[in-house]
Amino acid sequence: LVPFNLLTSRRIKSLLNVLKSVEAGDLKVRAEEAKELDEIGILEHGVNSMIGQLEELFATLEQRVSARTRDLQIAANVARQITTELDINKLLPQVVAQTNTGFNLSASIVYLFDDESDKLVCAGYATADPSTYDAASLPDIPLAAKTSPVARAARTREIVVVQDAATDPQYQPQFA
């Protein structure tokens with residue numbers, strides 16, 4: 001009975017040391033692989049599993065923080081541009097270009113509402129491939145257009161997300 005208690009005590013101490021290391025921030029440490037399927041073996045396996053999950057969560061959290069930091073930097077650059085350029089005809093193309101480049105988009109287009117025509121008119125655009133659009137290929141969009149996500153966003157003043165333009169029922173071929 002004494003050797004069993006000694007072995008059990010060693011396994012528990014080893015597991016506690018692993019947990020102390022994890023508490024100190026070491027997510028590379030693992031409990032010795034369980035050789036037995038007793039209660040301590042189940043704990044060892046569970047601790048290793050939880051450490052692996054923590055390691056994965058920290059890795060994805062760092063990626064998300066990095067992406068969010070990049071997004072905020074782009075937004076700050078755009079905001080800075082807005083405060084330094086007062087001419088909207090110069091400002092919009094610059095903002096669109098910065099947004100397009102910063103977020104690595106294939107295209108960015110800004111529409112402004114024209115009260116007289118009750119339409120949305122292209123005020124600026126930028127593309128990763130300059131041959132994608134020209135100003136003439138971007139038609140005005142009637143604000144009342146039911147099948148236009150752009151018009152719907154303008155009418156509702158809410159974000160409209162189109163996951164896959166090619167399969168969306170509101171697909172507009174002029175927007176590749």
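How many salt bridges does the structure hold? In this predicted model, the count comes to 5 salt bridges. Several of them involve the loop between helices H1 and H2, so that loop is a handy place to begin.

One of these contacts brings the side chains of Asp38 and Arg11 together, with an N to O distance of 2.8 Å. This pair links distant parts of the chain: Arg11 belongs to helix H1 (2-23), Asp38 sits in the loop between H1 and H2, and 27 residues separate them. Arg11 is buried, because its relative accessible area is 14% and the cut-off for that label is under 20%.

Glu55, for its part, turns up in two of the contacts. With Lys28 it makes a salt bridge in which the closest N and O atoms are 2.7 Å apart. Lys28 lies in the loop between H1 and H2 while Glu55 is in helix H2, so this salt bridge ties together parts that are 27 residues apart in sequence. Lys28 itself is exposed, its relative accessible area being 69%, whereas Glu55 is partly exposed at 23%.

The other partner of Glu55 is Arg30, and here the closest N and O atoms are 2.8 Å apart. Again the pair links distant parts of the chain, with Glu55 in helix H2, Arg30 in the loop between H1 and H2, and 25 residues from one to the other. Arg30 counts as partly exposed, with a relative accessibility of 33%. Elsewhere, salt bridges that share partners join Arg11, Asp38 and Glu44 into one network.

Next comes the nonpolar side of the picture. Leu54, Leu57, Phe58, Leu61 and Val65 form a nonpolar patch on the surface, and together they offer about 440 Å² of accessible area. Val65, one of the patch residues, is found in helix H2, which covers residues 39-84. Val65 is labelled partly exposed because its relative accessible area is 45%, which falls between the 20% and 50% cut-offs.

That leaves the sheet. It is an open sheet of 3 strands in the order S1-S2-S3, with antiparallel pairing. Strand S1 (107-114) and strand S3 (141-142) are the edge strands, each pairing on one side only. Helix H3 (residues 88-102) packs on this sheet, where it touches S1 and S2, and its direction makes about 145° with that of S1.

How many bridges join S1 and S2? The two strands pair in the antiparallel sense over 8 bridges, and Ser108 stands opposite Ala126 in S2. S1 and S2 also form a hairpin with 4 residues between them. Within that turn, Asp118 has a positive phi of about 60°. On the S3 side, strand S2 (residues 119-127) is joined to S3 by 2 bridges, again with the strands running antiparallel. Leu120 has Ile141 of S3 as its bridge partner. As general background, side chains in a regular strand alternate between the two faces of the sheet.

Conventions: Residues numbered from 1 in each chain as written. Predicted model: local features only at pLDDT ≥ 70, side-chain atom pairs only at ≥ 80, totals over all residues. Heavy atoms only, no water. Patch = residues over 30% accessible without salt bridge, like charges linked within 9 Å, V, L, I, M, F, W, Y side chains within 5 Å. Areas by Shrake-Rupley, 256 points an atom, 1.4 Å probe, with all protein chains shown as cover. Salt bridge = Lys/Arg side-chain N within 4 Å of Asp/Glu carboxyl O. Buried < 20%, exposed > 50% of the residue type's maximum accessible area, 1.4 Å probe, protein only. Pairing = 2+ DSSP bridges. Contact = heavy atoms within 4.5 Å. Axes fitted to C-alpha atoms, helices over the stretch in contact; angles between N-to-C directions.
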